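Please walk me through this structure, with attention to where charged side chains pair and how far they are shielded from the surface.

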Amino acid sequence: MKAGIIGLPSVGKTTIFNVLTQGKVAAAASRRLEPNVGIVKVPDARLDFLSSKFNPEKTTYATVEFVDVQGLVRGKGQDMALAPVRTVDALIHVVRVFENESVPHSEGGVDAERDKRNLDYELMLADIGSIEKRMERLEKDLKKIKNAALEKELAFLQRAKAWLESEKPLREMQVSDDEKKLVKGFAFLSEKPMIYVENIGEGQLNRLRHPDVHGALRPNTEQTIICGKLEAEMAELPPEELKSFLSDYGLTESGAERLIRTTYRLLGLISFFTVGEEECRAWTITNGTNAQNAAGVIHTDLADHFIRAEVCHYDDFVKYGTMQALKEKGLLRLEGKEYSVKDGDIMTIRHSG
């Protein structure tokens with residue numbers, strides 16, 4: 001999974017990136033062109049437990065790749081700045097809520113709702129530019145020869161352009177599966193699911209007690225709260241001190257863990273596990289993925305030669321302790337290719353390869 005971090009200058013975007021990646025990237029001027037890229041393992045207490053039981057040679061966590069692009073200056077061409085996030089699965093918009101007179105806000109004052117709205121406009125303008133270029137080419141081609149596929153694409157782009165011009169992002173527009181296939185290569189920015197991360201100050205820490213409580217959200221969006229400055233301090237603490245530190249604020253997880261969990265929820269992602277003496281590993285799939293396609297995430301050969309999946313659930317393994325005990329209870333079962341994999345399933349793939 002890949003997520004892009006965007007935001008206006010001086011909102012704490014690179015601080016959030018460093019918190020996520022445990023990095024030391026310096027906050028750069030808005031003219032920086034090269035993105036910061038970091039790969040982060042997804043914390044999972046279930047995998048920790050399974051690893052403690054099987055004592056494998058290797059434990060492999062699921063990962064998320066984060067791409068932090070330069071601060072976006074509203075009203076200026078954003079194509080080069082946004083290019084690195086055209087291939088991500090979701091966008092993370094860091095919105096400044098903290099006050100700091102020594103770090104002026106690029107818009108003159110702190111207003112989170114204004115910044116969310118304005119940056120969405122920038123994404124929509126970029127998409128309109130892409131659509132207009134493609135429409136111009138399609139119209140020229142259709143003057144030369146009639147083509148049903150090109151006509152369908154043009155009709156969709158005309159609808160998408162009208163939608164954007166009504167000041168609504170493409171993530172809120174109803175799109176059929178056929179239409180998605182037609183324009184998959186465009187990688188529209190305002191179509192991507194969005195997480196708004198409100199970066200609060202140390203004087204606003206009471207908001208952390210309910211970081212996922214918010215009003216009505218627009219379609220395909222999520223929101224959470226992080227105090228970047230506090231998270232940066234927490235990142236320096238050893239695990240035992242971190243637990244105590246979190247407890248002092250009534251928290252059970254760090255902002256980085258909460259943001260990853262929010263990303264999974266927004267994208268409808270779940271994890272299943274493979275276990276054994278060689279490796280215990282977490283695999284990420286979309287909720288509703290069947291057993292054969294889940295096997296293909298491990299290796300394409302497993303999907304091609306799939307016979308059955310031997311399945312139990314993590315909660316049952318915790319309760320009964322061994323695979324043999326689960327088998328005796330009838331909780332270790334064989335499932336066919338159309339079985340819908342559940343979050344927390346432990347799977348062994350039987351195949352003919």
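In this predicted model, arginine 218 counts as partly exposed, because its relative accessibility is 46%, a value that falls between the 20% limit for buried residues and the 50% limit for exposed ones. The side chain of arginine 218 meets that of glutamate 172 in a salt bridge, with 2.6 Å from N to O. This pair links distant parts of the chain, since arginine 218 sits in the loop between strand 6 (194-199) and strand 7 (221-226), while glutamate 172 belongs to the loop between helix 5 (148-165) and helix 6 (177-182), 46 residues apart. Glutamate 172, for its part, is buried, because its relative accessible area is 15%, which is under the 20% limit.

Side chains of opposite charge can pair when their charged atoms come close. A search of the whole structure finds 23 salt bridges, and one of them joins glutamate 113 to lysine 116, with the closest N and O atoms 3.1 Å apart. Here both partners lie in helix 4 (residues 112-144), separated by 3 residues, or about one turn of the helix. Glutamate 113 has a relative accessibility of 47% and therefore counts as partly exposed, whereas lysine 116, at 7%, counts as buried. The pairing of glutamate 113 and lysine 116 also belongs to a wider arrangement, for Glu113, Lys116, Glu198 and Arg207 are linked in a network of salt bridges.

A further salt bridge is formed by arginine 281 and glutamate 279, whose closest N and O atoms are 3.8 Å apart, a distance that still meets the requirement of lying within 4 Å. Arginine 281 has a relative accessible area of 26% and so is partly exposed.

Turning from charged residues to leucine 91, the reader will find this residue in strand 5 (residues 90-96). Leucine 91 is buried, because its relative accessible area is 1%. Which residues are in contact with leucine 91, leaving aside its neighbours within four places in sequence? They are Gly4, Ile6, Val85, Leu123, Leu189, Lys192, Pro193, Met194 and Ile195. Phenylalanine 66 can be placed relative to leucine 91 as well, for the two are 25 residues apart in sequence and 9.7 Å apart in space, taken from C-alpha to C-alpha.

Key:
Residues are numbered from 1 along each chain as its sequence is written. This is a predicted model: local features need pLDDT of at least 70, side-chain atom pairs count only at pLDDT 80 or more; totals for chains, interfaces and linings use all residues. Side-chain values use heavy atoms; hydrogens and water are left out. Helices (H or I, at least four residues) and strands (E, at least two) are DSSP runs, numbered from the N terminus. Buried means under 20% relative accessible area, exposed over 50%, partly exposed in between (1.4 Å probe, protein chains only). Contact means heavy atoms within 4.5 Å.
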